[in-house]
Structures are given as structure tokens and as C-alpha cells.
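Trainee: I should like to learn how the features of a two-chain model are read. May we go through them one after another?

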Amino acid sequence: MDMNVLIAVMVILPIASALFLNLLHKKDRTIKIIAIITAIVLPIIPLLTPYGSHFFGGYVPLAQDPSLAQGLPALITGSQLFQFHLGIMYVFSSAKQLMIFILGLITFFAIFTFINESKRPSGVYAFLMFMGTASVSAILLSDDIFNLFVFFEIAALAQVGIVIASGIKNNYETALKYILLGNIAGPLLLLGIVMLLGITGNVNVTDMIFTLKNGYVNPQSPELLIALALIVFGWLYASGLPPFHTIKSAVYSKALPHGSALLQAFSVFTMVAIGIIIIRLFSYNPFTNIAIIGISLIAMILGITMAIVQTDYKRILGYLAVGELGYIGIGLGLGTAFGITAGLFQAVNEAVITAFLFIGFGTILYKTRISDTRKLGGMMYVNPKVALLVLLAGLAMAGVPPLNAFQSKLMLIQASIQSGLPELGIIMILLSIVTFMTFMKAFYTIYMRPKPKELEVLDNTIPRSTVISLVVFLIVCLTLGLFPEIATNSLQTLAAGLV
Amino acid sequence: MSFYDVILNKIRKIQEKAGEDEPVTNVTASTMLTAELTLIASVLIAVVMVRLIHPVLMIIMVAAILIIVFTAMPIMPRLRREQNDDLNNMMFYVVVALGVIVALFYWGNLNV
């Protein structure tokens, strides 16, 4: 019997820590210590956890533990019920290890910068960050689609909380809009899941696939197709793909920089987790892949063209982050092992790079309290080292070698050519150039043009923790750029299993 | 009138309608122009993929999009106006997207 407790700890630890931190009002030192210890442990656990499955409550399938099946009637032991999963199951593999490690790393640096940039760190804010991380880890691990939905809702609430806690102008309005739109997408996703349960009699994804592949369910049944459509719709909300790209970019822009860094990581990994489930369940249907590619193309084009015309750098980053999600979707939609590996690699890279950019540009907010690029300028003189780090982050996002997104974007272009869709490769190259241009426009206006007379730069020093975070993100970008096999070797097993 | 001036006038008109009184700068017009060209180029290249369904259909669609683009240009200022943070707008597009997705997945699968 494979009972790996550490798999569950990846979700339980941040939840327990979050609940405890929530109780610690005005105990600043205790909040700092507990938050930092939890944040340090989070990326370490996936590295120590062996691959395998965790069955909550010990409910393994009867076939795996014959002692449980003793005395049961032949109606159960002689049927497929014998194989089915009885309780919630979490599955941990090399790809999930990498993604949860990166999520843990981003959580650590978000917490690290938050604690050092805030004079009085709020336990409630740390609660929200850890709850979000726990939820997204659970979404990545869970093989139970109903359990996934529960954490999908908790993640949405945690994201709303992070925006509300930011104290940025109009943040309440944006948070309210996000939750209102979630009130459309969430129930529809649940309806899709319920329909799947009704059709297949299961909430376990592996069991659902079994019923679909073995002729127990008509794969072209209208109910199943509607369920697929509703699950895809919920996926769009969770990821921030169109038509939710506007609200998602607004959400990023209304959070504090460390909050935005974490929020985009939530979106990226939720997109990957639900995207993988959609491919696992419905890849028999060629229209699924066409739809994923179509939606991703729209996200890329809308995200990046909208980013160019923005004047608030947080909004620029928000739209660029949405545009980059399109690259991930293209990889998943191509449906080949190489394409999916490239998409997953792009997801890992994007999570790191966008966090790098949000925290890097966040230093401008820290020094000026301004995010409107029209009112900024001359920031290069204020802190040239941070400016260089931000420039490198922008180059990474655009896919400039030897940084990591170069490798994943190159793989995506190769995968699209191999799949007979060179047009996708051309669009990806075109949009990477425009991404570079968009970033350079923001970088020039903030850092390089003369400082406006009315711009007041605060006398506070950028915390060393923020600079350390940026340097570590750069090291991760360089490492994955120079040695992409560190990531791709972990990801290709999952990708091969999806084809 | 050059294309640049057309873009400039269009932005001014849209800003007037939206009640914004910000000046239309060179940067605003240039970024809008870049976004416009990116949008058109990306859509045209994407439509070439219709060749997988039928080459003639692709030619018709490329021609149709070219005509639409040249008659409706500049598109980007309008697109930007539509992609705002207004909840009614967002709700509208969410409901439209839901309808399109359900229709495509349902009839698309049953009839392809």
C-alpha cells in the first residue's frame, strides 16, 4: 500500500500555518517567524517527497488491498467497482514536484519581500498567501475533480483577499468584480463536474477516464459535450484567459507587487492543472485541442496588444502575463508529447519571470508610490542595480537567450512546426518581439528618460530582501536557460502520459 | 491623410466620447499603431491555418478579413475601449463567450 503522508503535508502545512497566522493579531515578531519558517519549508517538502499517491483516509482501491475486499459480494469484487478509487487521491510525480517547488519558491520570496517591506506584517495577509498556495498545490495534486473544485473556490477567495488587503485605490471594486464574475464561472464549472459525475458515476479523474475509454459512456453524448464546455469555461476564469483577461490583469494591478507575483503563479499553475485534466479526459475529442489552441491564440493576441497601449506598468505586466498564458495553452493544445512538454516548461518559466518582473517593478512603487509610467522617469539613477535586474527580467520574458523563456519558446515554435502548424510559430515569434518592445517602452519611460520635475522619490532604501529575491529569480532563469533538461526531464513523463 | 493621422483622430474621438481629457501624444499614437499592426498581422497569419480545412476557404477568409480590416481600420482604439474595466462590459463578453463555447463544443462536435 502506497501511503505517502508528505504528499498531503504539501497542502496541510500551508493551511495549518495560514489558520494559525490568522489568529496572531499584533504579534508582529511571531508572525514573521512563523511565516518565514513555513515559507522556507514549502519549497523543500516537494524535493523530499517520493513520487507516488496519497489516499486520504486510507481508502485505497479494493484491488490494491485485498483484505478490504474480504467478505464483499461478487457484485463488487467481480465488477469494475473493485478497481475504482473510493476516496480522495493525490498523485505526486516529477512534473508536479517541479511545479510545486517553483510555486513554493515564489511563495517564499513573496512572503520574504512582504515581511521586509511591511513595517507591521499582517497575519491575515500571510494567511491569504498561504491559503492560496495550499489551494493551488491541492489543485495540482488532486486526482479528484470535486476536491479540485473546492480548492478552486478557496483559491479564488484567497486571490480576492490579497487584492482587498493591498490598500491600493479602487482595489475593493476590482475584487468585487472578480468575485462577481467568479459567481458565474464557479457554479458553471461545478455544473460541468456534476454532469460528469452523473454520466460516469465518478469524481476521480482516473476512474472517469476508465469509463470513457472502455465504452461505459458514449463519448459523443450531448451531456458529456456540455460538461466539457462548462469545465473549459471554468478553466478560462481560473487562468485569466479571454474573456476573463481584463479582470485578471486588473486583479494583478490592484495587488501589492509581492501579491501580484503570487497571484500570477496561482493563475499559471491552476491553468496547467485544469488544462491537464481537460486533456486527460477529453483528448479523444480532436475539437478539445482546436478549442485550446483557439482560446490561447486569442489570449496571446489580446493580452500582448492590450499591454502595449497601457500606461500603468502594473497593468502592462498584467496583460503581458495573460498574453504569456497563451504560449502555455498553445503547447497544451498541440497535443504532442514535445508540445505539451514545451507548454509545461513555458508555464514554469512564466511563473518565475512574471514574479521576477512584478517584484522588480514593485521597487518603483516602493520608492515613488506611483505606477503610472507617464509620471515616472530617471529611476535608473535611484538604483541602477535593481534597474539592471528588471531589464534582465524583461529580456527573459521576451525570450532572449540564454534566459529560460528562450528555451521554452524555441521548443514551442519547434513543436508547432512539427505539428504542421508553422503559422503558430510565426505568431509566437511576432508576439515575442512585440512583448520585448512593450517591455522596453515601459523600461525606457520608467528608468531611462529624464526624471520629471514633479516626481518625488522617497528616501526609503529598497530592502535587501527584495534585491536577494530578484537575484535568486535571475539565477533560476539562467539555470533553466542554460540547462533546460533540469525542467524538461521532469515534465516530459507527464506530457508523454497525456498523449 | 496618413494612417498615423487617422489613428490620432480616432483616439481623440474615442477619448472625447469616453470623457477623457488626456492629451494624445506621439507615444499614444505610436503604441496604438504598433498594436494595430500586431493585431492585423496576427489575425491574418492565424487565418492561414484554415488551409487545413480547405485552401479555398482560407483564401476567401483571408480576403474577407483584409476587406474588413481596411474598412474598419483603426480597430485597436475601439478594441481598447471595449476591453475596459466596466462590469457590464465584462459580464456581456463573459456571457457571449459562454454561449460561443457551449455552442461550439456541442454542435461543433456533433457535426464535425
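Mentor: We begin with burial: a residue counts as buried if 20 or more other C-beta atoms lie within 10 Å of its own, the C-beta atoms being placed from the backbone. The model before us is a predicted one. Of the 499 residues in chain A, 59% are buried.

Trainee: What share of the 112 residues of chain B counts as buried?

Mentor: In chain B, 22% of the 112 residues count as buried.

Trainee: How many helices and strands does chain A have, and what pattern does chain B follow along the sequence?

Mentor: Chain A has 20 helices and two strands. Chain B has five helices and zero strands, and its pattern, read along the sequence, is α-α-α-α-α.

Trainee: How is the overall form of chain A to be judged, and what radius of gyration does chain A have?

Mentor: One compares the radius of gyration with that of a compact globule of 499 residues, which would be near 23 Å; chain A has 22 Å, so the two agree. Along the principal axes, the C-alpha atoms of chain A fill a box of roughly 85 × 55 × 40 Å.

Trainee: What do contacts distant in sequence amount to in each chain?

Mentor: Here one takes contacts with a sequence separation of 6 or more and asks what part joins residues 24 or more positions apart. In chain A that part is 81%; in chain B, 49% of such contacts join residues at least 24 apart.

Trainee: How is a single helix examined, for example helix H5 of chain A?

Mentor: One sets its span against the span expected at 1.5 Å a residue. Helix H5 (residues 94-117) of chain A has 24 residues and reaches 34 Å from first C-alpha to last, close to the expected 34 Å. Since 21 of the 24 residues of H5(A) are buried, this helix is largely enclosed by the rest of the structure.

Trainee: How many residues of chain A and of chain B are in contact with each other?

Mentor: The contacts involve 36 residues of chain A and 31 residues of chain B. Helices of chain A that each supply at least two residues to the side touching chain B include H8 (171-200), H13 (286-308) and H18 (422-448). That side of chain A comprises 29 nonpolar, four polar and three charged residues.

Trainee: Where in chain B is confidence lowest, and where highest?

Mentor: Mean pLDDT is 83 for chain B, with 85% of its residues at 70 or more. Within chain B, the lowest confidence falls in helix H1 (residues 3-18), at a mean of 70, and the highest in helix H3 (residues 55-72), at 92. The model scores ipTM 0.86 and pTM 0.93.

Technical notes. Residues are numbered from 1 along each chain as its sequence is written. Chains are lettered from A and ligands numbered from 1 in the order in which they are written. This is a predicted model: local features need pLDDT of at least 70, side-chain atom pairs count only at pLDDT 80 or more; totals for chains, interfaces and linings use all residues. Two residues are in contact if their C-beta atoms, placed from the backbone, lie within 7 Å. Helices (H or I, at least four residues) and strands (E, at least two) are DSSP runs, numbered from the N terminus. Ala, Val, Leu, Ile, Met, Phe, Trp, Tyr, Cys and Pro count as nonpolar, Asp, Glu, Lys and Arg as charged, and the others, Gly among them, as polar. The expected span of a helix is 1.5 Å times one less than its number of residues. A residue is buried if 20 or more other C-beta atoms lie within 10 Å of its own, exposed if 12 or fewer, and partly exposed in between; C-beta atoms are placed from the backbone. The radius of gyration is taken over C-alpha atoms; the globule rule is 2.2 Å times the number of residues to the power 0.38. pLDDT is the predictor's confidence in each residue, from 0 to 100.
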